[in-house]
Every structure is written in structure tokens, then in C-alpha cells.
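Here's a walk through one protein model, from its packing to its hollows to a few odd spots in the backbone. Keep the structure open while you read.

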Amino acid sequence: MKQQKIETSKPIGDTVKTTTCYMCACRCGIRVHLRDGKIRYIDGNPNHPVNKGVLCGKGSAGIMHHYSPARLSKPLRRVGARGEGKFEEIEWEDALRLATGWLSEVRNTDPRRLAFFTGRDQSQALTGYWAAQFGTPNFAAHGGFCSVNMAAGGLYSIGGSFWEFGEPDWEHARLLLLFGVAEDHDSNPIKIGLGKMKARGAKVISVNPVRTGYSAVADEWIGVRPGTDGALIGALIHELLRTDRIDLEFLARTTDASWLVIQNPGKSDDGQIFRNEDGQPMAWDGINKKLMPARTPEAKISLIGERELPGGKKAKSVFQLLAERYLAPEHSPETVAAITDVPADRIREIAREIASAALDDPMEIQQPWTDWRGVRHETMTARPVSIHAMRGISAHSNGFDTCRLLHVLQMLIGAVDAPGSFRYKAPFPRPIPPGPKPAGKLSQIKAGEPIPGMPLGFVGGPEDLLLDENGGPVRIDHAFSWEAPLSAHGLMHMVIENAGNANPTPVDVLFMYMANMGWNSSMNVANTLKNLTAVDEASGEYRIKHVIYSDAFWSETVAYADLIFPDTTYLERWDAISLLDRPISDAEGPADAIRQPILEPDRDVRAFQDVIIELGYRLGLPAFTTNSGEPKYPGGYADYIVNHERNPGIGPLAGWRGEDGESSGIGAPNPDQLDRYIKNGSFWKHHLDPDQRYFKHSNKRYLEWAKEIGFIPSADPIVLRIYSEPLQAFRRAAQGHGEVQPPNSETRKRILENFDPIPRWRPPLNGLEDPEGNYPLHAITQRPMAMYHSWGSQNAWLRQIHTSNRLFVARELAEKLGLKDGGWAYVKSPTGRIKARIKTMEGVNPRTVWTWNAIGKRRGAWGLSEDAPESNEGFLLNHLISELLPKEDGIQWPNTDPVTGQAAWFDLRVQLEPAPAGAETTEPLAPPLPQNPTKRSRPKYLTYGADFRFKDPVQ
């Protein structure tokens, strides 16, 4: 009998298109199913290298993102006072002409008067390039309040980093330690990886003040006190050194542990690496008893001891200096337990688990490989301890050194790009520090001309800072100044504060893209709005003369702009997820992707990338204009993606290059490149050969390939750095040596206290203890799995999961303070006060309160009704945060990490007290904004998809 064929998965649409999700930073591959020209369903692309078909609730809810009633639908020009939300609709030609006029005046007089700052746009390769062509150094994106400590801490230590540029070895790790990892970044790969580890019986330890998400499914949760992770890591280093549980061969072969550091107190060469005439760092050959270049292949390098140098000077190895510091009692588990709230016995046990997993019962991968010396190894020795970290350790004023300490911990056990350990994602690793240096010195800024490089970069010493003639900052955010020398991502959170005070120069045009800085970033809300609306008493004009803003939605910040460019959603435009920016690579090889327009916009909107390319042409920026004065990319961003070359043969996309489309990485532009991506599922992936996949910092075949493809300038090995020469260069300047020195004694003191070439934990700048007891509690935020940044909580489907947020408080603490579960409390800081609804719980550090970020909304924004819970019960901790610290020695420093400028919004200290009975609404409750002027109506009931329900399935 013939068996009846049963169709288990009937088609639900008439067309399927692939693209890249944009509901978080994960950049998963998705399939969008269309029916009758509408989106019927979104699921994961099973062939995609990032998510392999897995898709979270955010990605599936992209339908409601696309069809949100908060979408803008027409260019707008302000007609009321700034902040009133009163606008008139105008045509695109009028909007572009108006913007061109404002921008032309700035470019042709003083390009520094443009501040161009963008949010989580993943187009920084384009937007940063545009700023450089305009001639302003005042460009950055959101990384300054999100991840710069993570990025810089890694790039100045191991030539790569956690976050989006590295991942655990999910296949081989026996032990995974998570530090400050929330659920919003890289979420699907982490969930997939955790599933693999749990299935294998590997152990997961999560260090986080809050037990949510990954911490809740970990085998062990360590409820560390906020801002003290670095002290905990230092104690782990102490124990590894004390018990001699380290990988000496790895340290000698791949790090700077053997390099000799000159010990000459008070002199200009004190603390410098001792080098020979060829600039090679020197070490001590313990067998031949003589100085040798540290990278001499045949040398038997010694890691310990003090040596006498020619001329009688003394030197110690980097490892000796590290051991002397971390074997001291101040780093013992007993001392650190009182700081971190982690018991001393537990610290010792974690150290034993790390050492045992890494060094006992060695795992060997049966794969030959060749190291940088040309020595062939028949197997790859595993170090199966993986570490992964994110914003929880980054968003503190001591986060840079905390991140560096994690990398030192990895180096001590050899767990850097070994099987089972942290693994680099292409295009990393890179030289330490990587290039280029930031452009934008005063001598490089000229009216009507580009600056000779990108505005963001990596500083190697004081000579690379962007300073005026008095040693003050050149940039409006004070990046690459003495306030934040290694600010590789800029200080976006300081732009409006400084622009409102014309510090160091007035801003005539503040140009922002997808950056809801008027409400939900790391800044104080009231102060931000005050500076956006500040008026110059003499002229009667706004201090920030013009504000241009591009967004897809009616957000809180739209109301404070003078000109609005309505953006598309991610399903209506081209995008390049590029190796020049934030690609989708994994440890097995580089990958990049595109977004393609799934639907044509049904509104009068344009993709922001198209808009700035058009503005580039209208302004006559050289890279966007032909020699004959015509648009260089008349086809907009899609044209740019295919034909732009940053360097010969290197463009935004690495796949299917060359006129025949058969080259990868480097090759001439291919007119069919986008079609090739679409046919392949909207992504490109290169798989490294098995012998290239590990030890990339010292793997000969990988290094040669990376040089050939343009990732690194040479195939020399990348030496991992325990000791940071750039930081020592700044310390040397603060001691009075060198041509570029801090401008005053207060700055010298700040540099000397915070720029240590060997990382060390230090308390947050606002202090770890509160001697007067006014603000005894730490307050932090977490990102919920179902939300991401401001735009997530206006999504009709996701709102059903989180309609408002709560302030989570340890149950014991709530009882002590007289707070009831579900009741209201006042939360106070030195800066302000809010009222929030309380939720008690067990899984939180007892000295910590926390909430979900990005859910609190202003009434009238985001297409929500005025009685929406997000607006009336939802709240932000931003009202309690200050951009500036209290004055010290007559100077008011920014509330940031003094090395990188990372916003220290997780350093917030608060007190709680019950709120009296009364109206159950949050405070402060800002006046409502007018509803979206470009949207005619908002449905009372959500019925999207109902019309599909009654149609026959597609055959």
C-alpha cells in the first residue's frame, strides 16, 4: 500500500528572502517569509554561520519592529521651541538643502564645529570615513559608554578582545568563566555554546552581581560586589603564582614576560623596556648567562631575577615585577574577600579549578601546526579554560585594568587561542597596540579639507594625543586628551555636556544618528535636556545652534532636534556588516554579511547611509565626488558597498571580489557582488585550514595568510603584553620626561595614579566605601533577553514580556529597610531622586540593587499611549547618574575611566527609602510629548496577521 505523503511544514508565504537581523548586536542570519507583499514570518537561516538557524524572541519580533506605529514617515523641521515636539513636514529636497547649508558653513570655516555621533548603527566604517572627509575629528559611536574598556583592555594586551572579537572554544573547554556577561550581546551563539558545554558536562561559573540569564543556568554563580571584579581576578593570580600553577613555556615563548624592564628611579629611562640598538627587547638567556634578544629562537629565556645591564643599571623581567606585586598580602584571598564579598576559601577553590582544568590531564588535538620560528608541532596542546566578559566589568572607572587583568590571568595558564580557551575572531589578533593612530591634531584640521586619517584610533604615547596649544583637548568629547588618552571609541556620553558649555569650542551642528541620547544612554536625563535647550544670553540663540537627527522612530530625542531625517527599518535597506567594522567572523575564519531591502518603504523615508552619501556629494567631499563634480556613488549605499575601496582591493565586503568574483578578501570591485551574497544567503564565510585555527598570534601559516589578506602589516609573531609600554610612556610624561607632558600638577597626579604598565585593581573613582553611610548601595542595570536598547520596548510583541521594569532588591535588605514586595521606594543619589516599584529576590549581591535597562519611556514617545506602563511605571537610573565627578583639587573630572574614557555608569551609588502611599507612578514624570506628527493613527487593538489566518495555505 502506498504511504500517504504528509507535509509537515507547509509554506507560509509566497516569497522567502534572506538578510541579517538587527534586533540586537548578534547579527544573526534570518529568512523573511512574505505573503501578498507583507511579512508573514521571520525565522533563523539554518545555513548562517552566526546562529545556524537559532533565533530568539527579539529576532522573531522584527515584524513588529518593522510595522511599529512609532515609525517616522516624512522629513520634519522644528517649528516650536526645542523639546516641545512641534514640527512641520517638509520634502526631502528641502531637508537636504537645509542640512547642506548648515554643514557647508561649518566645513568652510571651522570643521570642528560639527559634532557627528552615531549610536549602535554598525556602519562606523562609513560614518567615521564621512567625518574624516568632512574634516572634523568630532566623531564617535556608542562604544565609549558600552565597551571601550573591553576593546582597549584586550587590544593593548593580547591584540584582540572579548565582546564581539573573541569567543570561548565551545567544543573543547572544560571550564568556562563568565565575567559581567548579560544577555544582549552575542546571545544566540552563547546560548548554542552553553548548550554544547552543558551536554558535555563542562562546568560554567558566572561572576556577576546579579543572577539572571546566563548566571541562572551556570553551575555556579559568584555574586561579586560591583566594581570589584579586578580585585577578585588579582587574588586568583595571587593563588596561581603562590602555588606555581602557571604555564612557564607559554609565558616565555609568546608573551613579554621575559623582557627586561630598566630599574632606574627618578631617571627618564626608569620603567622602559631595555632594547638593543636594533630596537629588539632584551631578555636573559639562563643557559648561556648573557643578554639576548627575547625573540631569539634558540635562546633559553629566564623569566625571573634581577640583572645588571651594561653601564651598571639594573633591570627586572616583566614576570618578576608581576610576581612581586601579586604575591603581596594585599592580593591574598583573605584581604580580597572583604572587598569583593566572595569568601576566601571560594577564591582559592576557583583558582584550583582553573589550574586543574588548564594544566592537569593535558588534552592534545591531533593536528600538526608550525609556529612562527618554523618549528613543526605534531599536536596542539589544549588549555581548556575559556573566559568571556562583557559590559559588567567594562562600565566602571576601573574597567580597563579589570579587563587587562583577565588577559593576564589567561596568559599565566596559556589560555589564549589554544584549544579549549579564548579564541580570536578575524580580523584579530593584531599588533599591540594596533593602528592607525587617531587623526585630528590642530595642524591637521583645515577649512574645506579632510583630515588625514580616521577620527578614532589607537594612541601609543603622549605624542599621539590631540591637544591644543595649552595642552587642552581638541575634540568636543575630550577623547585622546589627558582626560582620556586611550579613548579608542571616543566619549559619546560627554558630547552634549561639553557642547552645551562650548568646551573646548562651540558646536554649530550636532549631527546624530540612532542615538537616543536625550533619554536612554549613560547620561543624566535632566542635564542632557538642559544642554540641548541651553540658550546663549548674549545672542538669544541655542548654544548648540543646529541639531540634526536621523532615526526610524519617534523617540524622546527626536523632540530636541531641529531637522529630522526619517530612517528606514533594517528590512528596507542595504547594509554591510563589514570586516572594516564589526563583522560576523568566528574563530574558524572571517565572515561578513549584508542586509538587503526585503520590502520597499511605504513612507517617505530614506536609509541614513544613502542620506550621508548624498550629503557627501552635495558638500563636495572628495571621497563622494568625482573629479568632474558628479556623484561618485549615484546608486547610494549599495553602490558604495560594491565600488568603494578603502585601500586598493579592500572594500566593505570581502566575498566574491575581483571582476570575475572569484577572489576573497582582496580584489577589484565586482559589479555582481551583492547578487552573489544574496544567492549565498546574504553572507560570506572563509574557513581557515585546520592548522591555522589556533595559536593565531604565533602560528606561521595563519600569520602569513593574515598578512596576505590585509589583516596585519607583517607576518611577525604578535607578542602578548603583560607590561604596557604605552601606559608607561604616559607615566614617564607625568614624571616630567619627554616633549609632551601633562599641563598641570593635578593631571600629573591623575596619570601617575591610574596609568600602571602592569594592571592592578583600584577602587572606582567615586570610592568603594561610603564613610558617611549616605549612599551604601550599588545600582546597576542588566539588559533583558527580550529587549535591546531603546527601540526594543516599543515592540508590540516584546512589550507583553516586559511592560515595565522593577527595582530588584535583595529580600533581606528590603525587610531591613521596610520595603514591601511590589511597593514603591525612593532611590536617591548625590545627583537626583527617582521613585520606582520594588521587586524582592534572592539572587543578587546584598549590597546591590538593579533593574532592566531601556524600558522606561517618556509619555508620548515611541507611539505608546499616555497611560502605557513603560511611561508611568517604567523608570531609568539615568536620572541618578552624573557625567561629572565632584570637584577635586579645583578640577571636575568626567565620570569615566581615566585611561579610556569609558562611561562609569555602573559606579552609581544610591540609598533606598520607602515612598509614602499615593499615586503609583514613577518619578520624575516628564510632561508628555506630542504624538508622532507623521503617523495618522495608532490601532487600538493589534490585529496584524489576522488576514493571513483565513487564507488557504500556499501550494
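What follows takes domains, cores, empty spaces and backbone quirks in turn.

## The overall layout

First things first: this is a predicted model. The protein is split into three stretches by an automatic or database assignment: domain 1 (16–55 + 572–646 + 653–685), domain 2 (157–362 + 381–430) and domain 3 (777–914). Between the centres of domain 1 and domain 3, going by C-alpha atoms, there are 36 Å. Those two domains do meet, with four residues from domain 1 and four residues from domain 3 taking part in the contact.

## What's packed inside

The largest nonpolar core holds 279 residues. If you want its best-connected members, look up Trp 130, Phe 179, Leu 510, Phe 511, Phe 565 and Phe 624, which touch the most other members. A second core, separate from that one, has eight residues, including Met 363, Trp 369, Met 380 and Ala 382.

Trp 130 is a good place to zoom in. Setting aside residues up to four places away in sequence, Trp 130 touches Leu 103, Leu 114 and Phe 116 on one side of the numbering. From further along the chain, its partners are Phe 511, Ile 612, Leu 615, Gly 616, Leu 619, Leu 621 and Phe 624.

## Closed-off spaces

Rolling a probe the size of a water molecule over the atoms shows where empty space is left. Here the count is 12 cavities of 30 Å³ or more. The largest cavity takes up about 340 Å³, and 31 residues line it. Met 514, Ala 515, Asn 516, His 789 and Trp 791 are the closest to its centre. The helix α23 gives the most to this lining, with three residues, while β25 (546–551) and α23 (789–792) each supply at least two. By type, the lining of the largest cavity has 14 nonpolar, 12 polar and five charged residues.

The second largest cavity has about 90 Å³ of space. Its lining is made of 14 residues, and Trp 519, Lys 857, Ser 871, Thr 922 and Pro 924 are the closest to the centre. That lining breaks down into six nonpolar, four polar and four charged residues.

## The largest pocket

What about space that's open to the outside? The largest pocket offers about 1,200 Å³. It is lined by 46 residues, with Arg 430, Gly 435, Pro 436, Leu 579 and Leu 580 the closest to its centre. Of these lining residues, 30 are nonpolar, 11 polar and five charged.

Where do they come from? Domain 1 and domain 2 each give at least three residues to the lining of the largest pocket. As for helices, α4 (124–134) and α5 (148–155) each supply at least two, and α4 has the largest share, with six residues.

## Backbone oddities

Most residues other than glycine have a negative phi, and most peptide bonds are trans. The exceptions below are worth finding in the viewer. The peptide bond from Ile 432 to Pro 433 is cis, with omega near -15°, and Pro 433 sits in the loop between β23 (422–424) and α15 (495–500). Another cis bond joins Glu 923 and Pro 924, where omega is about -5°. Pro 924 belongs to the loop between β35 (909–914) and α26 (946–949), and also turns up in the list for the second largest cavity.

Then there are the positive phi values. Asp 36, which isn't a glycine, has a phi of about 55° and lies in the loop between β2 (29–35) and β3 (38–44). Ala 502 has a phi near 50° and is found in the loop between α15 and β24 (509–513).

## Two alanines in loops

Is Ala 623 buried or exposed? Its relative accessible area is 9%, under the 20% cut-off, so Ala 623 counts as buried. Ala 502, at 35%, falls between the 20% and 50% limits and is therefore partly exposed.

Ala 623 is located in the loop between α17 (608–618) and α18 (636–643). Apart from neighbours within four places in sequence, Ala 623 is in contact with Tyr 129, Gln 133, Lys 632 and Tyr 633. Glu 91 is 532 residues away from Ala 623 in sequence, and the two are 26 Å apart in space, C-alpha to C-alpha.

Key: Residues are numbered from 1 along each chain as its sequence is written. This is a predicted model: local features need pLDDT of at least 70, side-chain atom pairs count only at pLDDT 80 or more; totals for chains, interfaces and linings use all residues. Side-chain values use heavy atoms; hydrogens and water are left out. A nonpolar core is a set of buried Ala, Val, Leu, Ile, Met, Phe, Trp, Tyr and Cys residues joined through side-chain atoms within 4.5 Å. Buried means under 20% relative accessible area, exposed over 50%, partly exposed in between (1.4 Å probe, protein chains only). Contact means heavy atoms within 4.5 Å. On a 1 Å grid over the protein atoms alone, a cavity is a set of points where a 1.4 Å probe fits but cannot get out, and a pocket is an open set with protein on both sides within 12 Å along at least five of seven lines; lining residues have an atom within 4 Å of a point. Grid points are joined across faces, edges and corners, and a volume is the space filled by probe spheres set on the points. Helices (H or I, at least four residues) and strands (E, at least two) are DSSP runs, numbered from the N terminus. Ala, Val, Leu, Ile, Met, Phe, Trp, Tyr, Cys and Pro count as nonpolar, Asp, Glu, Lys and Arg as charged, and the others, Gly among them, as polar.
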